[in-house]
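Biologist: Let's go through this structure together. I will ask, and you reason your way to each answer.

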Amino acid sequence: MIPAEAPQIFVVDDDPSVLTALKRLLNSAGFSTRTFLSPLDFLSAHDPDVPGCAVIDVGMDKMSGIVLQERLMLGAQPRPIIFLTGCDDVRVSVQAMKAGALDYLSKPVSDQALLAAVEHALDEDRKARATRQEVEELRRRHDSLTLREREVMAQIVRGRLNKQIAFDLGIVEKTAKVHRGRVMEKMQVRSVAALVRIAEKLEQAGEK
Amino acid sequence: MRGLEKGSPVSPSAKALNSVFAHLSPEGLTFSPLFARAGLPRSLIVSLLVTAVLLCLFALGEIFKSEGLSAYRDSVAILLTGSAAVMTLSAAQLARLNREREKLARQSVQHITEAARNARLGLWGWTAAKDRFWGSSAFLEIMNLQESEGRLEDIAAHLHPEDRNKFFGLIREAAQERGDRQYECRQPREGGVGWLRFNISGASETEEGQVSGSVMDITAQHEAQAEAANLRHSLTHLTRVGLLGQLGGALAHELKQPLTAILSNAQALQRLVEHDKLDMTEIRAVIRDIVQDDTRAAAVIQHLRSLLKPGEFHSQVLDLNDIVRETLELVHNEMITRRVAVSCASDDGRLPVMGDPIQLQQLLLNLIFNAADAMSGGKGGMVLITTDQIEGPCAHLAVTDTGEGIEADVMDRLFEPFISTKTQGVGLGLSISRAIVLSHKGRIWAQNNPGRGATFHVALPLIQEKP
C-alpha cells in the first residue's frame, strides 16, 4: 500500500486578508494549508486523491460557496467541506447542510471552533478514504474471481450447501467444493460469515 | 440661511400700492404733486380772485369819480361789479371743489393705508437726496420703530448686522435704477430671529432718487418652510435606515471579514507564542495585518454611521462613478443572496457633479433595490448600471433590470408617494429618489425596455472641475 500523503487544508476565500489569517491560524496548529482566492483556481488545481478537507467562504464574488460545493460533490471522491459565512442566512445554511457540508461556521470564527471542525473533517476524510480503499481492495479480489466462482460465491453468501449449489449450477458436488475453496482463498476469508460481510460491503458500495 | 435676494417677481398688488405710496410724504396726508396735479391749480383760483377785486376797485373808482350818474358809466360799473361777483363766486366754487378733491384723495389714502395695515403690509419710502426715510404705522410696528421718519441707517440698524450691507446696497441701487427688487432678511428679536421680505421699487423716470416699497413679516412662513424641510429630511433619513435594514446581512458581512482576519491572526499569534515558535518577521507581519484590518473595520463602521446619521445636506464635488462603485460594494452580498447579477458599465473618465454623497448613494440603493425587487420571482435576474455623459452637459446614470417592467397605469404616478406595486412596499422609495434628484437640480425618469424589464434614468448637471 502507498503511504498516505499528509492531509491538506484547502482554504477558499476571496478576501486576501482573511485568507492569510486563516492560513496562519491553521499553520500554527500544525496543519498543512493551501489557499485559493478564487473558487475557479481551487477547482482547476483540485486533486481528489490528496487527503484533506476544504474551508470555504459562502459569499464569494464569482462563484458562491454553494455552487463550488455542488461542483466538488460531483466527483467520485467527495471532499469534506466546512463553510464559513459572514451573514447568518438560514436559507443558505440549510442548503449547504443538505448538500453535505460537514460544518457551517459563522465569521468571525474562533480558533477552537475552526480547529475542532477541521479535525473532525480530516477524521471523516480519513474514514471515508479508508472505506473507499477497503472497498476497492475487496472489489479487486472479487474481480479476480472467474464467472463460475462468482456464481458460487453468490450461492455461498445465501447460505447454500455444496450439494445445493452443485444441483443448481448442474455440476458435481466435488467441483462445487473446489470452487468454494477457490472463492474463500481469493477473497481472503476463512469463514462464510466474513464472506457475507464482504458481499454486503460490495453491495453497498455498488449502490452508491 | 442668509438673507437672500429672490428672483421671483413682486406681486402686482404690492407693486400698485408701492406706486401710489411713492408720492406720499411721511405723514401720509399732506400732499405731494400727484394730488395737486389731479386737483385744480391754486394759481388759477388766486388769479380769478385778484382779477375780481381789481374789477371791483375799478368800477367803484369810476362811480365816485363821476359827478353824476350817466347811463354809460352806470352800465360799465354794473357790468364790472357783475363780472367781479361772478369771478368771486367761481373762485369760491373752485376752492370748494378742490377741497372736496383733496378730501377724497385723503380718504382713499386712508383706505389704502388701512388695507395695508390690515394685510400687515408695512409701506415705506426713501428720498435719496435728503436721506429721508419714512414708514406707515404698520411699517413702524413690523420694524419695531417709534419715529416715523429717519435716515436709512436708522432703519437698517433694526436689521440683522450681516444683512445690513446688502439692504443698503439694494436701496441705493433702487434710487439709481428703475425696476423691482425683493430682499429677504433677518431681524433680531427677543429669543430668536425674525424674517422680513422687502419689496423695493426703484426710482421712476420723473422722480430720480425716490425709492418706495413695502415690507412683510414672513417669519411664520419661513418657519413652516423650515419645518417642511425638516420633515422631508427625516423621511429621507428614515427610508435610508429602512434601506440599511434590507442591507443588514451584507453590511454585517462587510464588518465580519476584517473581524475574522483580526481574530484568526491574533489567535495564530497566541499559539505561536505559547509554543515558543517565535519568528520575528512573521510576528511583525501578523501585527501589521491586525492593525490594517482594524482600520478597515473602523472604515466600515464609519460608512455605516454616515448612512445612519441624519446629517445635514452636505454638498461637495464628487465623481458619480465613485458613488456607483461604493454602492455596488455595499449591495454586493445582498444581491448574491437574491441571485441577482449586478454588472456595471461606465466611462473610465470622471463624471464630476455637485452633491451629497450619502444622498446620492441612497438614490442608487433605492434604484438597485427597486430593480432587484422587480425580479423577485426567485428566479433572479440581471441589473445593469451604466453611467455616461449626455447633453446638458449632464452626468447620466441608468439602472436597467430584467424584471416585469412598469405597468401603464402606474407609469404616470411612478414618482408620487405611496404608489407601490410591491406587496410589502410603502411606496416612498421612488418619491424620495425624486426628491433627492430634484435637490441636486437633476432629472429622473423611467421607461420600459423594448424587451423585458424597465430602466430608470437620472441626469445630474456636470460641473467644471478646476484643473
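**Two chains, question by question**

Biologist: Among contacts in chain A between residues at least 6 apart in sequence, what share join residues at least 24 apart?
Modeller: Start with the term. Two residues are in contact if their C-beta atoms, placed from the backbone, lie within 7 Å. Take the contacts in chain A between residues at least 6 apart in sequence; the share that join residues at least 24 apart is 60%.

Biologist: What kind of model is this?
Modeller: Residues are numbered from 1 along each chain as its sequence is written, and chains are lettered from A and ligands numbered from 1 in the order in which they are written. Local features need a pLDDT of at least 70, side-chain atom pairs count only at pLDDT 80 or more, and totals for chains, interfaces and linings use all residues, for this is a predicted model.

Biologist: What pLDDT does chain B average?
Modeller: pLDDT is the predictor's confidence in each residue, from 0 to 100. In chain B, 82% of the residues score at least 70. The average for chain B is 79.

Biologist: Over which residues of chain B, with 19 contacts beyond four places in sequence, does pLDDT stay under 50?
Modeller: Where pLDDT is low, the predicted coordinates should not be read in detail. In chain B, the stretch with those 19 contacts and a pLDDT under 50 is residues 1-11.

Biologist: What pattern does chain A follow along the sequence?
Modeller: Helices (H or I, at least four residues) and strands (E, at least two) are DSSP runs, numbered from the N terminus. Chain A has nine helices and five strands. Read along the sequence, they give β-α-β-α-β-α-β-α-β-α-α-α-α-α.

Biologist: Why do the buried residues of H3(A) lie on the same side?
Modeller: A residue is buried if 20 or more other C-beta atoms lie within 10 Å of its own, exposed if 12 or fewer, and partly exposed in between, with C-beta atoms placed from the backbone. In helix H3 (residues 65-74) of chain A, the buried ones are Gly65(A), Leu68(A), Gln69(A) and Leu72(A). They are on the same side of H3(A) because the arc they cover around the axis, taken from the directions from the helix axis to the C-beta atoms, is only 100°.

Biologist: Which residues are exposed on the other side of H3(A)?
Modeller: The buried residues of H3(A) pack against several elements of chain A, among them strand E1 (8-12) and helix H4 (90-98). On the other side of H3(A), the exposed residues are Val67(A) and Leu74(A).

Biologist: Which helix gives the most to the side of chain A that touches chain B?
Modeller: In total, 20 residues of chain A are in contact with 23 residues of chain B. Eight residues on the side of chain A come from one helix, residues 16-28. That helix is H1 of chain A.

Biologist: How far apart are the axes of H11 and H13 of chain B?
Modeller: Two packed helices are described by the angle between their axes and the distance between the axes. Axes are lines fitted to C-alpha atoms, for helices over the stretch in contact, and angles run from 0 to 180 degrees between N-to-C directions. Helix H11 (residues 357-373) and helix H13 (residues 429-439) of chain B pack at about 145°. Their axes are apart by 9 Å.

Biologist: Which residue does the cis peptide bond join to Lys107(A)?
Modeller: Most residues other than glycine have a negative phi, and most peptide bonds are trans. At this cis bond of Lys107(A), omega is about -10°. The partner lies in the loop between strand E5 (103-106) and helix H5 (111-143) of chain A. It is Pro108(A).

Biologist: Is Gln188(A) buried or exposed?
Modeller: Gln188(A) lies in the loop between helix H8 (173-186) and helix H9 (192-207) of chain A. Its phi is near 55°, a positive value in a residue other than glycine. It has 12 C-beta neighbours inside 10 Å, so Gln188(A) counts as exposed.

Biologist: What is the C-alpha separation of Gly381(B) and Arg338(B)?
Modeller: Gly381(B) lies in strand E11 of chain B. With 20 C-beta neighbours inside 10 Å, Gly381(B) counts as buried. Gly381(B) and Arg338(B) are 43 residues apart along the chain, and their C-alpha atoms are separated by 9.0 Å.
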